Amino acid sequence: MAGCERGAGRVEGAGNGGAGGADRPPGLRERKRLQTYRHVSETAIALFLARGFDAVPVAEIAAVAGVSKPTLFRYFPTKEDLVLHRFADHEDEPARVVTEARAERRPPVAALAAHFRTGLDRRDPVTGLNDVPAVLAYHRLLYGTPSLLARLHAYTHRSETALARALAGPPAPDTDLPPLAHRLAAAQIVAVQRVLAMENWRRIAAGATADALYPTAAHEAEEGFTGLATALGER
């Protein structure tokens, strides 16, 4: 999965106690927490981009951001989370798409294909089809840092598990593993999305523009999801 530049990620995913109710605007206290959350993360990423992830100690990030180390760790439990929190918004995104599709009696893979195509249309960084310099720099940081890639594996695993539960549907409790067939299907879906995004990012990193690459990316996405639908018995 490619990196995300939209917003600051879900605050609850960063270990700071949640962002409040989804149906009401945040209060003053929560807005201040979000501002601190974004400020600390953006400070850290700027330092990492300038000098490398391993060369910047957490104490320096806290000092430059104007917070204490304990405060930093309340927002970001690990140094890697300072970078990878951008995936928090996307971790259960495939599961949400499938859940909504089931409620509307739409085929899950078709819904996921339409969602990915919409992401391509708006140049969502998660699809890899984004040539904004800051996004490309973030990707280079992520894919060039072994500890970040290792941590990213945990995000991918949780995304697969959530998707498998959505494919299986209720009433299985969250404490139970979804059936193997749904776990295999989820792994295939996540793999297709990841490969498509990585291929887009690879071509853009080699000099392609997002607009020029768009027709190819859209065609390959259609092929990939059509193959998934056939393999998973949706057609």
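Val135, Leu136, Ala137, Tyr138, His139, Leu141, Leu142 and Tyr143 are the buried residues of helix H7. That makes eight of the 11 residues in H7 (residues 133–143), so this helix is largely enclosed by the rest of the structure. Keep in mind that you're looking at a predicted model. The chain around H7 has 10 helices and zero strands, and buried residues make up 44% of its 235 residues.

**The chain as a whole**
- Reading from the N terminus, the elements go α-α-α-α-α-α-α-α-α-α.
- Take the contacts in the chain with a separation of 6 or more: 69% of them come from residues 24 or more positions apart.

**What sits around H7**
- The buried residues of H7 pack against four helices, and here they are: H1 (28–51), H4 (81–84), H8 (146–168) and H9 (180–205).

**Helix H10, with a bend in it**
- H10 covers residues 210–231, which is 22 residues.
- From its first C-alpha to its last, H10 reaches 30 Å, close to the 32 Å expected at 1.5 Å a residue.
- Where does H10 bend? Look at Thr216, where the helix turns by about 30°.
- The buried residues of H10 are Ala210, Leu213, Tyr214, Ala217, Ala218, Ala221, Phe225, Leu228 and Ala229.
- Those buried residues pack against helix H6 (108–121) and H9.
- Just past the end of H10 comes Gly233, with a positive phi of about 75°.

**The second largest pocket**
- A handy idea to start with: rolling a probe the size of a water molecule over the atoms shows where empty space is left.
- The second largest pocket holds about 150 Å³ of space.
- Two elements, H6 and H9, give two or more residues to the lining of this pocket.
- H9 has the largest share of that lining, with three residues.
- If you want to find the pocket in the model, its lining is made of Arg102, Pro108, Val109, Leu167, His182, Ala185, Ile189, Leu232, Gly233 and Glu234.
- Sorted by type, the lining has six nonpolar, two polar and two charged residues.
- Gly233 turns up twice in this briefing: it lines the pocket, and it is also the residue with positive phi just after H10.

**Two arginines with positive phi**
- Arg105 isn't a glycine, yet its phi is positive, near 60°.
- You'll find Arg105 in the loop between helix H5 (93–103) and H6.
- Is Arg105 buried or exposed? Its relative accessible area is 79%, and exposed means over 50%, so Arg105 counts as exposed.
- Arg123 isn't a glycine either, and its phi is positive at about 60°.
- This residue, Arg123, belongs to the loop between H6 and H7.
- Arg123 has a relative accessible area of 22%, so it is classed as partly exposed.

**Ala88, a buried loop residue**
- Ala88 lies in the loop between H4 and H5.
- Why does Ala88 count as buried? Its relative accessibility is 5%, and the cut-off for buried is under 20%.
- Ala88 and Tyr155 are 67 residues apart along the chain, and their C-alpha atoms are separated by 8.1 Å.

Terms used
Residues numbered from 1 in each chain as written. Predicted model: local features only at pLDDT ≥ 70, side-chain atom pairs only at ≥ 80, totals over all residues. Heavy atoms only, no water. Buried < 20%, exposed > 50% of the residue type's maximum accessible area, 1.4 Å probe, protein only. Contact = heavy atoms within 4.5 Å. Expected span 1.5 Å × (residues − 1). Bend = angle between axes of the 7 residues up to and from the residue. 1 Å grid on protein atoms, 1.4 Å probe; cavity = no way out; pocket = protein on both sides within 12 Å on 5 of 7 lines; lining within 4 Å. Points joined across faces, edges and corners; volume = space filled by probe spheres on them. Nonpolar A, V, L, I, M, F, W, Y, C, P; charged D, E, K, R; others polar.
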